[in-house]
Every structure is written in C-alpha cells, then in structure tokens.
Amino acid sequence: MTGESTVGTSAPEQADKKITVYLLDDHEIVRLGLKDLLESDGDIEVIGESGSVSHAMAQIPALRPQVAVLDGRLPDGSGIDVCREVRSRDPNIRALILTSFDDDEALFAAIMAGAAGYVLKQIRGSDLVDSVRRVAAGQSLLDPAVTARVLERVRKGPELDPALAPLTEQERRVLALIGEGMTNRQIAESMFLAEKTIKNYVSSLLAKLGLQRRTQAALFAAKHLPDS
C-alpha cells in the first residue's frame, strides 16, 4: 500500500448498508490497523486514506465518506484543520478527531472546527468502532458541559485592551505565546498550525503594532495581555 491511496467507492446498494470512513494518519501501520479494526464486523468500509493534510483535504470532499477519522497532529498540519476545511465544503461529512494529546486548547479548536467527537488514541478498539457508528448516526461524542463552556467563551470573549485592537484573535494568541517565550515551532505545535503560518502571523502582528523585534513583542505582551 502506498503512502497516499484511496479505495474505490462501493456500489450504491453497498453504500446504503455500510458506514463509509476515511482515515487520516501519517503512520501507515496505524492506518492499516485502524482499517482492519473498523472493517472487522462488516458494517464499516474504509473508502480512502492518507498520511498528509494536503491529500486529505483534496480526497475527502471527493469521496464524501460519512465519517472522517482524523489524526490530531500531522507533519503538514492537523486533523482539526482538515475538519474545518472539509465541513465548510460539505457539512454532511462527520469528523472524529483521534489524538494522543488531551488538552483544552485542542478540544476547543476541535469543537470550533465542527468535530462530532474528540477521542484519545488510548481508547479501546471496540469503543472506537462504537464511536464511529455513533458519529455516523448523527450523535455527538462531545461532553455537553464542555461544549457549553466553549460556546460561552466564544460569546463573551475576553475584555480587550485597546492596544490589542489592531490584531485578529489568532494574532493575539500568537502574541501571548511569544510572551511565554515560545519559538515559532512550539507555537505551531500548540495551535495545530504550520510553522510557516505562524511566521506570517508574527510578521503581521509586528507590523500592526509598529514593532521590529520579537523581544519587543514579548515585552508588549507582558504589558497588555491579561495573565491567564
């Protein structure tokens, strides 16, 4: 099996019977294991797979699986990026984020991207299969209390220092992480974005704030961003 492959779509009568799934994980052995696991009971069919964000973004809308099982972090981006892009093009495709990382920011990002579920890779095989079935049936695996907190956070938003007004929300997040002493690479990993994207954000926020150096941005963040 190659690193980027797809399996032909099934006949209409088979599609009616089976849950169609797309797999995104940068480790081929993981994809093979997930495919065998999901197809073991005969009611789920993996119709496509990929090891990169770029291929997944092109293939998933074309194949239109019922469920896309997406790895949280990949070399060229994240499953959350894929979820956001795919669902903006086809809201009928349900996304299940499968990740090794249990943190609030990632969960927040997944909810905002429209994911139907966020599960850790430590999950039991039978529970993962059940999760795919539930997501395909239109259920959400996200804790309602957590979702409510996220929606409240979005609705209220933080009190904003006027000095930060020129910046977008993403630029303010980058600025805060610069203030914590993070490198562009660390910020990219924290925000599930490509390092090149972070570099662009840094250049933009420096220009908007009339700053020239990263150290100036760190001092600005310490003065104007609330402790959190």
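User: Which strand is Glu 49 found in?
Analyst: We're looking at a predicted model here. Glu 49 falls within residues 44–50, and that stretch is strand β3.

User: Is Glu 49 buried or exposed?
Analyst: The cut-off for buried is under 20% relative accessible area. Glu 49 comes in at 1%, so it counts as buried.

User: Which side chain does the side chain of Glu 49 make a polar contact with?
Analyst: A polar contact needs N or O atoms within 3.5 Å. The Glu 49 side chain has a pair at 2.9 Å, and the partner is the side chain of Arg 31.

User: How is helix α2 oriented to helix α6, roughly perpendicular or oblique?
Analyst: The axes of α2 (residues 28–39) and α6 (residues 125–136) come within 10 Å and cross at roughly 70°. Angles of 65 to 115 degrees count as roughly perpendicular. So α2 against α6 is roughly perpendicular.

User: How many residues of the contact of α2 with α6 are charged?
Analyst: Leu 34, Leu 37 and Leu 38 of α2 meet Gly 125, Leu 128, Val 129 and Val 132 of α6. That set splits into six nonpolar and one polar, and the charged count is no residues.

User: And α8 with α9: roughly antiparallel or oblique?
Analyst: Helix α8 (residues 169–179) packs on helix α9 (residues 184–191) at about 130°, axes 10 Å apart. Roughly antiparallel would take over 145 degrees. So α8 to α9 is oblique.

User: What is the handedness of the α8 and α9 crossing?
Analyst: The contact there involves Gln 170, Arg 173, Val 174, Leu 177 and Ile 178 of α8, plus Ile 187, Ser 190 and Met 191 of α9. As for the crossing of α8 and α9, its hand is right-handed.

Key
Residues are numbered from 1 along each chain as its sequence is written. This is a predicted model: local features need pLDDT of at least 70, side-chain atom pairs count only at pLDDT 80 or more; totals for chains, interfaces and linings use all residues. Side-chain values use heavy atoms; hydrogens and water are left out. Helices (H or I, at least four residues) and strands (E, at least two) are DSSP runs, numbered from the N terminus. Buried means under 20% relative accessible area, exposed over 50%, partly exposed in between (1.4 Å probe, protein chains only). A polar contact is a pair of N or O atoms within 3.5 Å; within protein, one must be able to donate a hydrogen and the other to accept it, and residues adjacent in sequence count only if both atoms are side-chain atoms. Axes are lines fitted to C-alpha atoms, for helices over the stretch in contact, and angles run from 0 to 180 degrees between N-to-C directions. Angles under 35 degrees count as roughly parallel, over 145 as roughly antiparallel, 65 to 115 as roughly perpendicular and the rest as oblique. A crossing is left-handed if the near helix is turned anticlockwise from the far one by less than a right angle, and right-handed if clockwise. Contact means heavy atoms within 4.5 Å. Ala, Val, Leu, Ile, Met, Phe, Trp, Tyr, Cys and Pro count as nonpolar, Asp, Glu, Lys and Arg as charged, and the others, Gly among them, as polar.
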